[in-house]
Amino acid sequence: MKPLLRAFWAVLLLGVLGPVYAAPPLTVAVKSSPPFSFKNGEQWDGISVALWRQVAGELGRDYRFQAYPDVASVLKAVASGDADVAIGALSVTADRERRLD
């Protein structure tokens, strides 16, 4: 196949199939813990939130925040697969490192 024709088909397929294969938004577990994460009106704000937005932007990933009442609930959500990632004031312990990646 000629290079120009091959490029045409590649662009066409990406344009048609790209939206179909788009990754679903990540679920980000978060709890209020100023100054790392807190609600500012209806929006999440804070150091960890700003850092996450930068990371997600560089990865080109959409996401949605899911609020949890405490750290145990946040970690349980990640461990069970209900959340893809957790942000906020989370410390690394030997037990958490064994349970979560």
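**Close-ups of a predicted model**

**View 1. K31, a buried lysine without a salt bridge.** K31 is tucked away as a buried residue, yet no salt bridge goes with it; D70, the nearest side chain of opposite charge, sits 7.9 Å away. Everything shown here and in the views below comes from a predicted model. A salt bridge needs a Lys or Arg side-chain nitrogen within 4 Å of an Asp or Glu carboxyl oxygen, so D70 at 7.9 Å doesn't qualify. You'll find K31 in the loop between strand 1 and strand 2 (38-40). Who keeps K31 company, once its neighbours within four places in sequence are set aside? The contacts are S37, W44, Y68, P69, D70, V71 and V74. V71 and V74 turn up again in helix 3, where both are buried.

**View 2. A cis peptide bond in the loop between strand 1 and strand 2.** Stay in the loop that holds K31 and look for P35, which lies there too. The bond to check is the one from P34 to P35: it is cis, with omega near 5°.

**View 3. Helix 3 and its buried side.** Helix 3 runs over residues 71-80, and V71, V74, L75 and A77 are its buried residues. Why do they end up on the same side of helix 3? Because they cover an arc of only 155° around the axis. Now flip your attention to the face turned away from that buried side, which carries the exposed residues A72, K76 and A79. As for what covers the buried residues, the list includes strand 1 (26-30), strand 5 (85-86) and helix 4 (94-99). Follow the chain just past the end of helix 3 and you come to G81, which takes a positive phi of about 90°.

**View 4. The open sheet, with helix 2 packed on it.** Three strands make up this open sheet, in the order 4-1-5, and the pairing is parallel. Strand 4 (63-67) and strand 5 are at the edges with a single partner strand each, so each has one side left without a neighbour in the sheet. Helix 2 (residues 47-59) packs on the sheet and touches strand 1, strand 4 and strand 5. The direction of helix 2 makes about 150° with that of strand 4. Between strand 1 and strand 4, the parallel pairing extends over 5 bridges.

**View 5. A67 in strand 4.** Zoom in on the place where V30 has its bridge partner in strand 4: that partner is A67. Is A67 buried, partly exposed or exposed? It counts as partly exposed, because its relative accessibility is 44%. Ignoring residues up to four places away in sequence, A67 touches V30 and W44. W44 is 23 residues from A67 in sequence, and their C-alpha atoms are 9.6 Å apart in space. W44 is also among the contacts of K31.

**View 6. The salt bridge in helix 4.** How many salt bridges does the structure hold? Just 1. The side chains of D95 and R98 meet in a salt bridge, at 3.7 Å from N to O. Both residues lie in helix 4, 3 residues apart, which is about one turn of the helix. D95 counts as partly exposed because its relative accessibility is 37%, while R98 is exposed, with a relative accessible area of 63%. Helix 4 has also appeared in View 3, as part of what covers the buried residues of helix 3.

Note on methods:
Residues are numbered from 1 along each chain as its sequence is written. This is a predicted model: local features need pLDDT of at least 70, side-chain atom pairs count only at pLDDT 80 or more; totals for chains, interfaces and linings use all residues. Side-chain values use heavy atoms; hydrogens and water are left out. Buried means under 20% relative accessible area, exposed over 50%, partly exposed in between (1.4 Å probe, protein chains only). Helices (H or I, at least four residues) and strands (E, at least two) are DSSP runs, numbered from the N terminus. The arc is that of the directions from the helix axis to the C-beta atoms. Contact means heavy atoms within 4.5 Å. Lys and Arg count as positive and Asp and Glu as negative; His and the chain ends are not counted. Two strands pair if DSSP finds at least two bridges between them. Axes are lines fitted to C-alpha atoms, for helices over the stretch in contact, and angles run from 0 to 180 degrees between N-to-C directions.
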